[in-house]
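Work through the exercises below with the sequence and the structure open beside you. Try each task before you read its solution.

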Amino acid sequence: MALISCSECGTEVSDKADACPKCGNPIGGGEITITNLALIDLEVYRNGVFRGKIYKGESVTLATDSDFELTVKETANGGSSSIAISKGDGGVIQAKARMLGGVKFVV
Ligand SMILES: [Zn+2]
């Protein structure tokens with residue numbers, strides 16, 4: 001058993017727990033890695049909240065400890081692609097937006 005930090009409140013929680021005992025946030029759903037295959041920088045939003053930029057050729061990793069909608073936006077042209085991520089999702093999801101090269105989501 002390992003202890004991990006709750007992504008919502010920071011409390012140390014067993015990775016086998018279903019939810020954080022302090023705030024109820026679901027735990028242990030894994031993670032998603034988003035790779036920017038486009039020729040421009042992209043912005044990442046989780047449930048509409050800005051989570052950071054992915055520069056050309058780089059990746060970011062987000063916890064999938066709860067269900068959420070992931071949106072990737074072009075910084076320049078306003079194009080966007082959204083995908084629903086479920087806790088515990090597995091496999092590889094290819095998302096093609098208007099952006100050149102698209103974005104690869106590995107859950
Ligand atoms: Zn918590």
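**Exercise 1: a pair of strands**

In this predicted model, find the residue of S8 that stands opposite valine 72, and then describe how the two strands and their sheet are arranged.

Solution. Begin with the residue itself: valine 72 faces serine 81, which belongs to S8. Next, widen the view to the strands, where S7, covering residues 68–74, is joined to S8 by six bridges, and the two run antiparallel. Then take in the whole sheet, which is open and consists of four strands in the order S5-S4-S7-S8, with antiparallel pairing. Its edges are strand S5 (49–54) and strand S8 (80–85), each of which pairs on one side only. Finally, consider the twist: neighbouring strands of this sheet are turned against each other by 20 degrees on average, direction ignored.

**Exercise 2: the nonpolar core**

Determine which residues make up the largest nonpolar core, and which strand gives the most to this core.

Solution. First list the members, nine residues in all: Ile32, Ile34, Ala38, Leu42, Ile54, Phe68, Leu70, Val72 and Ile85. Then look at where they come from, since strand S3 (31–36) and S7 each supply at least two residues of this core. The largest share is that of S7, with three residues. For the wider setting, note that 20% of the 107 residues of the protein count as buried.

**Exercise 3: the surroundings of serine 5**

Decide whether serine 5 is buried, exposed or partly exposed, and name the residues that serine 5 touches beyond four places in sequence.

Solution. Start by locating serine 5, which lies in strand S1 (residues 3–5). Counting neighbours gives 13 other C-beta atoms within 10 Å, and therefore serine 5 is partly exposed, because that class lies between the limits of 12 or fewer for exposed and 20 or more for buried. Leaving out residues up to four places away in sequence, serine 5 touches Gly10 and Glu12. Aspartate 15, ten residues apart from serine 5 in sequence, is 8.9 Å from serine 5 in space, C-alpha to C-alpha.

**Exercise 4: confidence along the chain**

Find which element has the lowest mean pLDDT and which has the highest, and then where pLDDT stays under 50.

Solution. Take the protein as a whole first: its mean pLDDT is 76, and 79% of its residues reach 70 or more. Among the elements, strand S9 (residues 92–95) has the lowest mean, 50, whereas S5 has the highest, 88. Over residues 96–100 pLDDT stays under 50, although the model has 15 contacts for them beyond four places in sequence. Where pLDDT is low, predicted coordinates should not be read in detail.

Terms used:
Residues are numbered from 1 along each chain as its sequence is written. This is a predicted model: local features need pLDDT of at least 70, side-chain atom pairs count only at pLDDT 80 or more; totals for chains, interfaces and linings use all residues. Two strands pair if DSSP finds at least two bridges between them. Axes are lines fitted to C-alpha atoms, for helices over the stretch in contact, and angles run from 0 to 180 degrees between N-to-C directions. Two residues are in contact if their C-beta atoms, placed from the backbone, lie within 7 Å. pLDDT is the predictor's confidence in each residue, from 0 to 100. A nonpolar core is a set of buried Ala, Val, Leu, Ile, Met, Phe, Trp, Tyr and Cys residues joined through C-beta atoms within 7 Å.
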